[in-house]
Amino acid sequence: MTEAERGKVESSGAGTATGAPVIEVEGLCKRYGDFEAVRDLSFSVGAGEVVGFLGPNGAGKTTTMRMLTGFVPATDGIVRIAGADIFSQGMEARRAIGYLPESPPLYPEMSPAGYVDFVARLKDVPRGERKDAVDRALDRCGLRDVCHREIRQLSKGYRQRVGLAQAIVHEPKVLVLDEPTVGLDPIQIREIRALIGDLAASGGHTILLSTHILAEVEAICQRVILLQRGRKVLDQPLSEATAGGASLEEVFARVMTREEIGSAAAGGAAA
Amino acid sequence: MKHVSTIASRELRSLFISPVAYVVLTLWSVIAGTFFLASLIGFQEQLIQLQQYQMLDRIQAMNLNDDLIEPFIGSMWVILLFLLPAITMGLISSEKANGTEELLLTSPISIWEIVFGKFLAGIGFVAVMTGIVAFFPAILFMYGEPEVGRTLSGLLALLLVSATYVSVGVFASSVTRNQLIAFVLTFVLLLIIGMMLPFLVEITMAGGGLGRESAVAETVRWMSTGSHVERMLKGLIDTADLVYFAVASGVFLLLSKTVIESARWR
């Protein structure tokens with residue numbers, strides 16, 4: 001990528017932010033020994049935006065999300081959630097985040113109701129509001145009928161919903177969802193997608209969603225960020241990215257090949 | 001620290017619906033019953049023998065605390081070494097294996113709260129175990145007159161040593177995501193600090209230049225739980241022993257916290 005293109009990517013990214021940014025990422029890096037999982041990643045997401053986090057497997061999506069949520073400390077760079085630094089003001093920042101990791105963090109022996117209540121306590125939902133918050137989360141995720149069954153008995157789709165319910169129970173400003181539809185059947189995918197769509201439409205939540213299903217991004221997101229080998233290679237509103245009738249798949253393929261050629265050329269030059 | 005009870009009560013509830021808890025409690029009860037019965041029969045036979053030989057002064061010296069309750073609680077303490085690791089093995093390792101560690105570490109709670117919560121849940125469980133043991137000496141109060149203070153002191157010793165062992169279990173459970181490894185590690189650590197340290201002193205220092213009475217030997221002996229438990233079983237509640245249990249638990253909990261914290265940086 002040339003410097004000019006890099007500048008264009010960043011300016012178009014910043015242009016889409018509406019209102020004060022709730023997710024601010026500056027110069028984020030993560031190194032595991034010699035391996036750079038994420039390199040110099042910067043972006044910001046405004047309140048109420050729904051952003052699709054795209055990229056092939058191993059591009060650094062999960063690592064980035066883990067750094068955003070404070071699970072893994074960054075090697076370098078700054079993450080601010082709702083104005084609070086994830087490192088130095090961890091408690092405040094974490095209170096503002098709802099996080100659904102790649103595999104939902106469930107206790108199989110608990111019931112959805114008991115589990116979501118436990119998470120509500122962890123996330124500091126005030127005692128007086130806790131019961132309402134739990135009921136609301138269970139209702140929104142369609143878990144009313146199964147809320148007293150054991151989680152281990154539930155289907156994968158329902159477990160994913162329980163994972164979503166725990167992410168939204170404290171009404172977080174930011175929702176970070178790591179591949180929320182992976183491993184589900186087409187009907188379950190539609191249900192989860194509709195659920196995320198509802199959450200997006202209800203406002204209040206800023207959603208960062210990782211996936212490699214492009215149709216999912218087209219269905220839910222307003223903006224895409226494309227990662228490759230730990231670097232940001234595209235950051236555009238969906239309407240701009242697909243302007244001129246190009247499908248997201250074509251855009252994706254074009255950017256990726258350009259990057260491949262670019263890095264090959266850079267490698268050749270260095271050699 | 002308000003999340004400690006949240007973590008602890010969830011853990012306790014999960015423990016008490018797991019089959020492991022019931023296997024352990026059943027074994028514990030059966031073994032306690034058997035040992036108690038055996039000690040009771042032994043006590044009775046000794047009494048009959050002494051009566052046959054007309055050794056009145058020895059009969060006078062016999063009492064329920066010295067000859068029944070103390071050895072009974074002492075042997076239950078040994079059984080604890082084998083059963084407790086089964087309870088503590090999953091405390092933190094299962095959070096890692098389940099992926100729920102990611103939930104805990106991205107929630108607005110401190111690692112200390114997680115560690116204390118787990119410790120407290122373990123203490124809740126060993127309190128039930130101590131309660132089961134307490135049931136048997138309680139029977140004696142219906143038929144004889146054991147000393148209340150000494151009996152309670154013995155039970156307190158069992159509870160405190162169990163709590164200390166729970167902290168060892170929390171630590172072993174924090175270093176791995178594999179429950180079996182956590183079990184074995186806890187068992188080995190408990191054997192070492194519970195029983196083997198005094199022997200290690202004898203073996204390594206008796207012939208060497210340091211000698212049995214050196215400061216090092218004394219320190220290693222102090223580190224073993226054995227002597228502290230034995231004194232409390234005799235009814236001697238010494239602040240020094242209480243401090244020992246507090247320090248030992250504190251050290252292992254601090255280690256657990258450090259392990260959990262440093263694992264994130266890898």
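## Chain contact and the sheet of chain A

In this predicted model, the contact between the two chains takes 21 residues from chain A and 17 from chain B; two residues are in contact if their C-beta atoms, placed from the backbone, lie within 7 Å. On the side of chain B that touches chain A, the elements giving two or more residues are α1 (3-16) and α6 (100-105) of chain B. Helices (H or I, at least four residues) and strands (E, at least two) are DSSP runs, numbered from the N terminus. The residues on that side of chain B comprise six nonpolar, eight polar and three charged. Here Ala, Val, Leu, Ile, Met, Phe, Trp, Tyr, Cys and Pro count as nonpolar, Asp, Glu, Lys and Arg as charged, and the others, Gly among them, as polar.

Residues are numbered from 1 along each chain as its sequence is written, and chains are lettered from A in the order in which they are written. Local features need pLDDT of at least 70, side-chain atom pairs count only at pLDDT 80 or more, and totals for chains, interfaces and linings use all residues.

Chain A holds an open sheet of six strands with mixed pairing, in the order β6-β7-β8-β3-β9-β10; strands pair if DSSP finds at least two bridges between them. At its edges, β6 (97-100) and β10 (231-237) of chain A each pair on one side only. Strand β9 (223-228) of chain A runs antiparallel to β10(A), joined by six bridges, and R223(A) has P237(A) as its bridge partner in β10(A).

Two helices of chain A contact this sheet, with angles from 0 to 180 degrees between N-to-C directions of lines fitted to C-alpha atoms, for helices over the stretch in contact.

| Helix | Strands | Angle |
|---|---|---|
| α2(A), 61-68 | β3, β7, β8 and β9 of chain A | about 150° with β7(A) |
| α7(A), 186-201 | β3, β7 and β8 of chain A | about 150° to β8(A) |
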